[in-house]
Each structure stands twice: as structure tokens, then as C-alpha cells.
Amino acid sequence: MESFKHIIDTISNPTILFTSTLIIFFFIFPINDWFDKWNRRLKLYVLWSKKSMLLAAILMAAFFLFGLTDPDFRSIVLKPDNVPISGLIFLVYFFTWLSMHQAYENDARLERGESIDERYEAPNDKVLVWPDLVYIEFISLILCSAFLLVWSIGLQAPIEEPANPTESPNPAKAPWYFLGLQEMLVYFDPWMAGVVLPSLIIVGLIAIPYIDNEPAGSGYYSFKNRKLSIALFMFGWLVLWDMLIIVGTVLRGPNWNFFGPFEYWDIHKLEALTNINLSEFIYIKWMNTGLPNNILLREIWGIFLLLGYFLILPPLLARTMCKKIYERLGSFKYSIFIVLILIALTLPIKMYLRWMFNMKYIISIPEYFFNF
Amino acid sequence: MIDQQERYYNILKLNRWFAISSIIFAAIWLIVFADDYNRPWKKFQKAFRILETEHIKNDVSLLENNLQNNSEYLNLVESLTTAEKFLKEKTDEIDQLEQKIDEYEAQKYSINQKYQFAKAEYDVAKYEMDQANHGYGDIEVAIKKLNELDHLASGYKLDLEEIDKTISGFNGQLKLLYTDKKSINDQLSIITRKKDLKSRKLSKVDPESMTFSNKIANIVRDLPILDFIDPYYEIKQVVVSDLEEDLVFMGMPKVDRCMTCHVSIDKKGFEDAPQPFTTHPKLDLMVGANSNHPLSEYGCTSCHSGRGRGTGFITTAHSPSSDEQAQEWEEKYDWHLLHHWDTPMLPIQYVESSCYKCHSGTMPVKDAPTLSLGLAIVEKGGCFGCHQIDRWEETPKPGPGLRKIADKTTKEFAYKWINAPRNFRYGTWMPHFFNQINTNDESSLKRSNQEIHAIVHYLFENSESYKMNKVPIKGDPDSGELLVKSLGCMGCHRMEEDSNENGKPSFDGMRIQQGPNLIYLGSKTNQQWVYNWIQNPQSYHPDTKMPDLRLTKQEAADISSYLISNENVEFDSQLIPELDLNELDQIVVSFLEQTKRKTEVDAELASWDINEKLSFAGSKLIRHYGCFSCHDIDGFENAKPIGTPLTFEGSKLITKLDFGFMHDEIDHTKWDWFNLKLENPRIYDMIPQDEGNYSLKVKRPLEKLRMPHFDLNEDELNAIVTVIMGFVKDEIPSTKLPERTTRNLIVEEGERLLQTYNCKGCHSIDGDGGSIKPSVANWLSLIADQVTAEDASLVQSFSPPMLDTEGRKIQPDWLYKFFKNPIMIRPNLQTRMPTFSMISDEDWNKIIKYFQYKDGQMLAYENKIHVSKNSNSYKAGIVIQDLGACANCHFYGSQKPKQAALTWAPNLVLAKDRLRADWLLGFFRNPQDIMPGTKMPAPYIPTEEPKDDVVANWGRAVANMDGDSTKLYQGLVDYLWELHGKEDITRIVQDHLKEVGYGFIIEEEDEDDWGDDW
């Protein structure tokens, strides 16, 4: 048992957890034909069968039950604040499964030449607001209220001592839905992680219908025709958002250190974190000279790098990997699409730079409060 | 067109779902109500109701029994029946009377109505008359009408009065018939009042004793939902609006709901009831409505801490006082520490810490023995030396000065002493710095040895020379012993090899630890030093509180020879480790490398010789260990305290305390942390292993914890933790503080001065102090015998005087003169009032004022009493003192008392300058009242004898007083005020004692032995 816990603790390490997720993710949600081929060869699509769902639900529940025997796991998961997050894990899984299950089913129906209408034989696309929808909503409302009442009786409000501004809680955590942003703060300047990137997430979400106006597979659950869109969105939603929330809730302990789910949250845990900027890499580590006094000269490498990333990479990709997309979207939509994707990718890139090279910022101009 | 029948869902199925969900929803609402109704405190209130019912029933039946045994009551009951019988016989008469009264009342009612109408019309007529006078109407008519109505109204009024008279006549007759019954009932109600009150109470508490309608109401008022109106079971609370709960940058009025479960906390009679119903054990002091701290004004948590608004066992933050209690609570209440509350309830052993919030000015704190002991220990142990505490900011260092140490002792002694002070003598307040749990491994011990060498080297190298007089006479240790035991040394010092008292440490016990234990001085120092020290302590250490006993050369020589005759052979035979240059270098390097580069360190080390190294290391180590905190050491005049400031330690957040590896060993509370820290100050450097072993955390020598070990026992630990928990930031409004009257302030300050100079080591005041008595008894057993030593009143008469009523007793200017230059008052005493030359005039004034204000005597200057020798009063005084045989015990100037020295009493010549006449009058009247245990009897005066006898036996002057005790005693005062003669009788007393001795009935030893030394 202890060794199992130890294994779980070990693979919960962000480097391992994130890397393995990154690798497995695109086989499960194949982003192009090549991944799709492997998906089929490995039969990964059976994940979306009913049996798999049942099995996965049982496994997850079993893991939880097993975890509850451990005091450290219990104290984190059963903390009244965190109970919704535990619920969130099951819910997100279930709805992901549901949509993918139906998508695969619809794809299969289409292949067989059948209708894709999902529940009703006829007429198409028609549900009455009154009484059907309102009635169902009303019933849901009653059941949800009942559930909330039971919850509020069963779990006392997690009230703590009177707030003391001179004594901040450790770890100080954002509300659960912002934990993804808080996780980004580890890798980005607060200005970027707190202002620029969240705004771009919203801009990106607004831009989705304008960029992706492909009619095929639209209006019903489907995967086959929308592999790229779904895989990309799922990557952003499941990996860059939900996973970071779960990580932030369960795995981030005092001093924002990482702790495995079965590890004791030791406030004294220390991690050697001496991070350096790209300029220091170049001038001090490689060239063995001091940092130039001129800010522009000092940061010129980082600026080149970023310019290259955002200006040279897109046309390069348009000619190679993303040729098809470029042809489909045209240069204007493509530019917006690729820039958004590249910005989203800076998060995993910076994570790896941090883990592998202790890289702090690529461009660091604290004199003008600009760090990237 | 909308097709009304168009459906895509099965409506029946939806209906079914709706029905099911509604039922679930309704059921859950019931659960909500039940959950809300079922409060944890209700079961306690219900249980208490039963308990209280039983209690009152018991009381009622007890009172009932008493009544049944009370003959007066039985008689009254009997006569009541007679009276009722009598009334029964008179029923007809009574009925008739009542009928008549009714008739007349009816008449009265009707006439009264007519009268009211007539009066109203009369008022109108009066108005019309006024109008006519103004010219609106006929005056004649108006006058006529007015007169008619006036007449009518007065007629009715007369009728009314007539009827009233008749009615009251009938009533009188009725009353007469009822007189007996009423007076019996009145008497009965006086006797049965207590029982009636209890019965009435019972009918409110006990449903069985209720009327039917009340029974119904009793059920309805506590029904769910209806119970918001006026339930029997309810949350009870006290709102203390001027005491605030500190919610960080915001205050909220204190609300305490403790009495919701502790229902009977302020009710007498439940002292033995189980918790939570036990009555507060000190109702006179706390909680009680007539106490100084009534519940309604102070609440509960202002003293006990905890979460006053809570109404559950855990949410109120109860804290157990022992592991057993914790276990009991866990089983009973599923108890655990309330994690999220900064001020959990204080375990009962620390509760006195809250007294300190408001009574920080007093010392000792009355009715708070633990807190007082703690304060005394903090003061004695010198905690404030290393840990800055505002209260002791101005206090001199508690340890002896070390500036002239080279002339006091040897390097060898200093080494062994620093290494392990308690090896030399038990109970020393010098703590152990070395060979502690984090420094007892071999390499640490090796380092420690060299550290001590360096410290000793520094101290002796920087020692100034102490100019000492030669001891002129060879002293006699035996006489020295008697002197030490009789002069008063033992008011401040002990001389014990080991603890001979099994008793618990107490505030009183701290008094004889004012100075060090005097055992084994021969191992520590030499006769010359002791001789010089006792003659003039300030010449060696200017800050010492040791006073001057005005010893003669002979006395000093005897005492010093006695004190140094005592040696600790085992300690003396210990060997001192050799100097180890290598280790010393490492110590020097460890300090140098804190500020210097490696190359510089090496260069410096190479350039120093061994003395320079020792000196450097010594100075650094003295700073490191904070030796200067307690001792005055050359070169550390301005050094800052090395420890954590403790002024607000009690308010420190628990997260600021590093539990280290002891986290799982002790409870996560501040007091447990403090307790363990004090018990074993270095423990937080350690990692607990199996079987009570510890291993050391990774630390370099200078990083290790360095608080020394004081070897405190459990009671002392509790006391200190109590004090620390009392060091809080709470702001207390002036309404809650003891009144800041001049009197209170002066008494407070006086008490602190008395404490500082240990006056109560010798004197007892209001039953407190006088710690010297056991040693006086010990001395008596040496010069007389054991029987004498066990006579408590004799011991008291040989102990320094008690100072009860001192302020009313003594003239303040005389007292000041006496303090400055003490003279002999009580000729039988061997203890001497020392000269406290270090007390400033300012402080003397405070002390004198303290005595005065304490006794409500605030006058500094008073009229001199003028006595005429021709007055009757004076003449009477002569007779009274003569017949009262005052001269048996008292000196009259140089005239010795008639009895043996054993009973000698003060020289009466001193009285007029020393005593206040007012006080003396009261003292004559009842000496035991004013000075419990005094040998002085009340002077006999003829107050009840026939005048002729008085004339015959006492003379005309006394007879003239007509037995008026005040006048007679005044005569005695007048006599004393006109008594002149020699004031200083020291010589006479000394000579007498030398020649004759005390005159104990059994005296085996030759008192010349010790008498020689006068």
C-alpha cells in the first residue's frame, strides 16, 4: 500500500504528470490523421464505450475510497472547501465521456448511412419550451435545492478564525475557478498571468466561431470531421484549465510547493529554486561576461527569440505542418488562429523551460515592469 | 397555430418525477427543521431542569419539615383554625354587613354621578359668569345660576361624605371580625416566606407543579418554530459592550453564551453538581452579582478565554487541563482542539493569567497565588534580562556584578560553577548553560569545556581590583552561627544543603530566596571577601539589594568565619579539563568567520597568542549566551537583550511558535509549547526517537538554541506559563480596570517596593509575609530549648514586628528618620532593622505613603499634643501606668523593666515621637485586634467598679473619669507624652544580656557564648 501511495506521489510530480498527460492526450484526442491512426491501432476509442465509463467510474471511486484511508489525502479531499473539486473530477469526466460517446456513435451512424438525430424520431430540432423544457428545469431546480440543503446540513460551512491581514493563510489560494490562473503565476509575470493571458482567453473564446466556421460536423456531437478543433479545445479546457485547477487544489501545499496526494503538507518543505533569466544564461553562463548595462543590448536575445516565435514561426508552419489549415482559413484567419495557439503554447513551453533550465523570464525588463 | 396537444416528452413521466422530487424536497425540509431544533445545548438545559426541580423540591420539603418542627408555626396554624371557626360562627353577621355595604355602595355610585354632573354644570356657569363680567350677558342671572349650582354640588358632596362614613363604619366592623385571622396570617407569612418563594419557583420550573393551563403553555412554548417567541430552553447570553473581542483592526462587543450550558454558574447550591452545572467555585470574587467581577459586567471569556459566542463543546474552544481530561472529553464529547480560534479557553491551571490583564500593577496579585508566584520567579530567575519585558524595563540586573570577581573567587571555582551551578548547591537561580540535551554529545562537550575556559578568562582578565580591609580579629564561627540565625539574614537567605521542604513552591517561599543560599561559601570565596561584603555590600556591587546590618568588626569577623567554614568537598575535588588549543581555535574561527573572509580569519588567528584568543572568544561567548543579561560585566554596559521580547508573548499567534519535531509530541497549544520550552529549553533542537531518545537536528554550534536550563518543577512551570499567557495586548477600558484612585496607585506602588526590597521576608503585614519565623524558632532552640522554639507566640515576639496598621500607628516623620537611621525599639529582639542606603528618598516617601494610605491615614502633618502635668488626665495616667505595671516589660528611658529580658518591650520614652495617639487609644482598648499575637495586654482600667472603690484604690484623679474608658486611656497617653528620658537604650540592653541573659526558664547553654559579641 505504502509503495502504491509512493508511486502515486511520484507520478504526481508536475514534470511527470504534465509530460505524460501531454503525450497521452493527443492519442486519446487525436489532433490529426497520424494520431488518429495510432488511436485506432491502439483501440483507444474504446474509452468512450459504456463499459469503459463504468470501469473508469469504478476505478476512480475505488481510488478515492482507498485514498480516504490515508489521513493526508483525507484532510485535503474532505476539506469542505475542496469537496466540490472532488465532485468536479467526476462531473468533468462524465460529461467528456458523454459528448465523446455520442460523437463516436453519431460518426458511426453516419458511416452506416443512418440519421444522426439523437433522441427523437421526428420532428427534427424541436423541443417545446412550455411545458417540456420549463417543467424539466423546474424539476431539476427542486432536486438541486434538495441536494444543496442536504449538503449544507451535512457539511458545515468552512468558517475559520477572524481574518487577520498580518497573518495570511499558507497556502493562500485563489477561489477554485481561478486556480488555473494562479498556477500560471508560477511561470509568468503577474501582469501577464493576471491580465494579458486571461484577457486573451476571453478574446480567443469569442474568436472561435469566426475562425471555425466549418459546417461539417456542426450542430451535433461529432468527432471525425472536427478532430483539430475538438482536440485543441479539449487541450485548453482539460489540460490547461481543469487540470491546473485540480493541481492547484490538491497538489499545491504550503508555500505553493508541490505535494503528492498522500504527502503530509509540511510547511517547512524547501525546494531549491534559484531561477535566472535568458540574458543571464547568455551573458554569464555562455559568454562569461557581465550583463551589459544597456537594457536593449541585455534583452536583445530574448526579443529576437520572441519575435522569431511570433513572426517567423507562423509562416513557417503555414508552409509545413499547418499547410492544410492555412489553405482552409486563408491568411487573415490563419494569423489570428496561429497567434492564439502560439500564445497558449507559451504556458507549457515556459513550464518546461522552468523545470529543465530554471528559466525565469525570456525578456526581463523589471526597470519598465515588463517581463515575459 | 399552436397545437395545444403537441408533446414531445411523456408528460405523465414528468408528472411522476415532479411528484417524487417534491416529496423528497418536503422531506428534506423536515430534516432542516429537525436539524435546526436539535441543538447540542438543549440536552444540558433539560438535564438541569430536572436537577433544579429536585433541588427545589428538596429545599421545599426541608423547609416544610422545619416548619412542622417549629412550635411557633404549629401554634399559629392552630390559632388560625380557631380564628376561622370564630368567623364561621359569625357568618350571618358578616353576610349582613356585606349586604349593607353593597347597598350603600350602589347609592354612593348614583350620588357620585349626580355630583359629577352638577360639578360640570357649575364649571360652565363659572365660565358664563366670567363672560358676563367681560360684558357678554347678564351678570345678575349668571350669579344666581352659579349660586344655585354651587349649592347643589355641595349638597351632593355632603351626601357622599355621609355615605362614605357609613360604609367605612361597616368596613370597620368587618375588619374587626377579621383582625385575628389577618394578624395570624401576617405572622405566618413571615415564617413561611422562604418556603413560599421556593414553592413559587418550583411551580415555574417543575411541570408537575404547574397549573393545567401552564402545563399546556409549557409544552407549546418549546415546540419547533413556535419556540422563537418565548421558549423555556433558549440560548442565554451576556453582552459586555465595553469589552471588545479583537477581530484584527476591528472590535466586536464581547458576547458570552457559556451560561447556556453552565446554567447554574452563578446559582448557589450547585457546588457539587456535575459539570456543566457546577457553581463557580469563587462566587465572592467572580461571577456573583455582589462580587467585584459580576457576570453581567465581565462575562466569562474575559478571564477564561475561549469562543464566547459558541454554543457547542468544541466550538467554544474548551481546553483540557490534563491528558486524562482530554481523553475523557474525547470519549464523551468527541472533543478536539478548535483549530481556527486564536484564543482557546485557558486550562484551569493557567486561568490566573487573565488577572494580569487588569492587575498588572500589583505585586503580589491578590487571590492569584499562581500568577504571583510566576511573577516572583520571572523576577528572581531574571527572565527579563534576556527577554525584554516592559514591566521590568528599569529593573537592575538580577545576578551579582562580576566586575571585581577576581578578588571574590578563583578561576577554578568560576569554571566549575559556570559548568554546572546546581552541582555546587541546590536551588540556585543560576541556570545550566552547558551539557544540555543539544550539547551533550562528545564533540559539543569538548567545545563547551573550552568555551567555559574562555568565559572565565575574560571575566578574570577584565576584573577590577576590590580594595578590601583586612580581617582585624579572628572570628568565632560558633558565635557567627548564632548571629546569622538571629540578626535577620534568614529573612532573605537560606542555608540548606538540599531542599528540606516537601511543600509546593509558593510566593511566600520565594522571599527567603531574595539572596543566595549561603551554604558552601568556603568553597566559593574567602573570609576577607565575606567580611568586607557584609560590612558594605555596595562597595563590591553598587546595584545589590543587600542592606547594611551595621555590623561591628567583631560581628563581621564571626559571621565571615562561620560562613566560610562550610565547604562542598565533593565539588572542590572535581577536576577541570585542560585547555585545548585546537578546539579553542575552532571557537575563535566560528565567531571570526561571521564577519570576515577566510583568508582574513586565518591571518588574524595566526597573529594572536593564546590570551588574545581566550579573551576574544570569551567576550563573544558572553554575548552569545547573554551572561551580561543578569550580571554586570565590563564591556557589556550597552549590550542589547538576546532573547525574544515577551511583552506581548501571550498574544503571539501560535503559528509563530516553532514546534519543530515536537509537533506530534505535545498538544498544539501555546501553553504546551511554553511549558516544554521552559522545562527543557533546548528541546526544539531535537528529533524524538524511539524510547525517549533524541537525535539532534543539523545545526552548527552557534545556531543551536541557547536558552539555559532552570530545572523548574511542575508548579513553577505552571506559574511561569501563567505569567507568559498573561502578557497580552488586550486593551482594557478604564471602566473595567481597578479604580485608579490615588490610594490604589500608592498602595500598588508601595507593594511593589516592599516586594523589591523583600520587607515581608522579615515583617508580616496583614497576615502575609514573615518568612523569617522558622529561622527565629531555630535560633530559639539553640539558645533556649526545643519547647521554647515551638511556642508560636514566643517565636512571634522574637521575630521582626508585624506591620499591620503601621500607617495609623506611626508618625510619618519619625518613620522616615527610623528608615534612614534605625534605632533599637524592641529590646528583646536580636533581628536588626537593616539600613537600606540604596533606597532613594523618593522611594522612602512612597513606602511611608503606602502604609498611610493602606490604613486610610493620609495626614503627613499633625498637631502636637500638649499635656499639662497639672491636668486630671495626666495624674490619672500616672496611676494607671503604675497599677497596670507597665514597667514590668517596658523601658522607661534608662530604667530597665522589672521582668527578665525575655518579655522586654519598647522604651516608652519613644512613644510620643513615634506613635500616633489615636492609634494608641485603639491599641489600649484591644491589642489583640490590632496586632494579633502581641504580648501586650490591654491595660487594666476601672470602668465597672463602684466609684468609692476606685477612689480608694486608684485615687481621685481616676475616679473623676467616671469609668469612661476613652478618658482613662487618654490619661495613659498623656502620661506617655510627658515621659522623658534616655531614648537610645542599646548599650543598656547589650550589657544586660551579656551579664544576665534572656532569662529563659530552661537554659542549658551558657548565653555568654553568644552574648560576648555585643
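This is a short talk on a predicted model with chains A and B, going from chain A, through the contact between the chains, to two places in chain B.

Let me begin with chain A as a whole, which has 13 helices and 2 strands, and whose C-alpha atoms fill a box of roughly 75 × 60 × 40 Å when taken along the principal axes. Of its 372 residues, 15% are buried. If we take the contacts in chain A between residues at least 6 apart in sequence, 64% of them join residues at least 24 apart.

One residue that illustrates such a link along the chain is Glu263(A), which sits in the loop between α10 (227–251) and α11 (278–286) of chain A. Is Glu263(A) buried or exposed? Glu263(A) is buried, because 21 other C-beta atoms lie within 10 Å, and the cut-off for that label is 20 or more. Its C-alpha atom is separated by 8.7 Å from that of His6(A), although the two residues are 257 apart along the chain. Once its neighbours within four places in sequence are left aside, Glu263(A) is in contact with Asp9(A) and Asp72(A).

Staying in chain A, I would like to turn to helix α12 (residues 295–319) and helix α13 (residues 323–357), whose axes come within 10 Å and cross at roughly 155°. An angle over 145 degrees counts as roughly antiparallel, and α12(A) and α13(A) are therefore described in that way. Their crossing is right-handed. On the α12(A) side the contact includes Tyr309(A), Phe310(A) and Leu313(A), and on the α13(A) side the residues include Tyr334(A), Ile338(A) and Leu342(A). By class, the residues of this contact divide into 11 nonpolar, 1 polar and 2 charged.

Now to the place where the chains meet: 22 residues of chain B are in contact with 23 residues of chain A. The side of chain B that touches chain A has 15 nonpolar, 4 polar and 3 charged residues.

Within chain B, the second helix pair I want to show is α22 (residues 581–592) and α24 (residues 610–625), which pack at an angle of about 50°, with their axes 10 Å apart. That angle makes α22(B) oblique to α24(B), and α22(B) passes α24(B) in a left-handed crossing. From α22(B) the contact is made by Leu581(B), Leu584(B), Ile587(B), Val588(B) and Phe591(B), while α24(B) contributes, among them, Ile610(B), Leu614(B), Ala617(B) and Lys620(B). Sorted by class, the contact has 9 nonpolar, no polar and 2 charged residues.

Looking at α24(B) by itself, its 16 residues should span 22 Å at 1.5 Å a residue, and its end C-alpha atoms are 22 Å apart, which agrees. The buried residues of α24(B) include Phe616(B), Gly618(B), Ser619(B), Leu621(B) and Ile622(B), and what covers the buried residues of this helix includes α15 (442–461) and α22 of chain B. Just after the helix, Gly626(B) takes a positive phi of about 75°.

I will finish with Asp92(B), which is found in helix α4 (residues 91–133) of chain B. With 8 C-beta neighbours inside 10 Å, Asp92(B) counts as exposed. How far apart in space are Asp92(B) and Gln131(B)? Their C-alpha atoms are 59 Å apart, for a separation of 39 residues in sequence.

Note on methods. Residues are numbered from 1 along each chain as its sequence is written. Chains are lettered from A and ligands numbered from 1 in the order in which they are written. This is a predicted model: local features need pLDDT of at least 70, side-chain atom pairs count only at pLDDT 80 or more; totals for chains, interfaces and linings use all residues. Helices (H or I, at least four residues) and strands (E, at least two) are DSSP runs, numbered from the N terminus. A residue is buried if 20 or more other C-beta atoms lie within 10 Å of its own, exposed if 12 or fewer, and partly exposed in between; C-beta atoms are placed from the backbone. Two residues are in contact if their C-beta atoms, placed from the backbone, lie within 7 Å. Ala, Val, Leu, Ile, Met, Phe, Trp, Tyr, Cys and Pro count as nonpolar, Asp, Glu, Lys and Arg as charged, and the others, Gly among them, as polar. Axes are lines fitted to C-alpha atoms, for helices over the stretch in contact, and angles run from 0 to 180 degrees between N-to-C directions. Angles under 35 degrees count as roughly parallel, over 145 as roughly antiparallel, 65 to 115 as roughly perpendicular and the rest as oblique. A crossing is left-handed if the near helix is turned anticlockwise from the far one by less than a right angle, and right-handed if clockwise. The expected span of a helix is 1.5 Å times one less than its number of residues.
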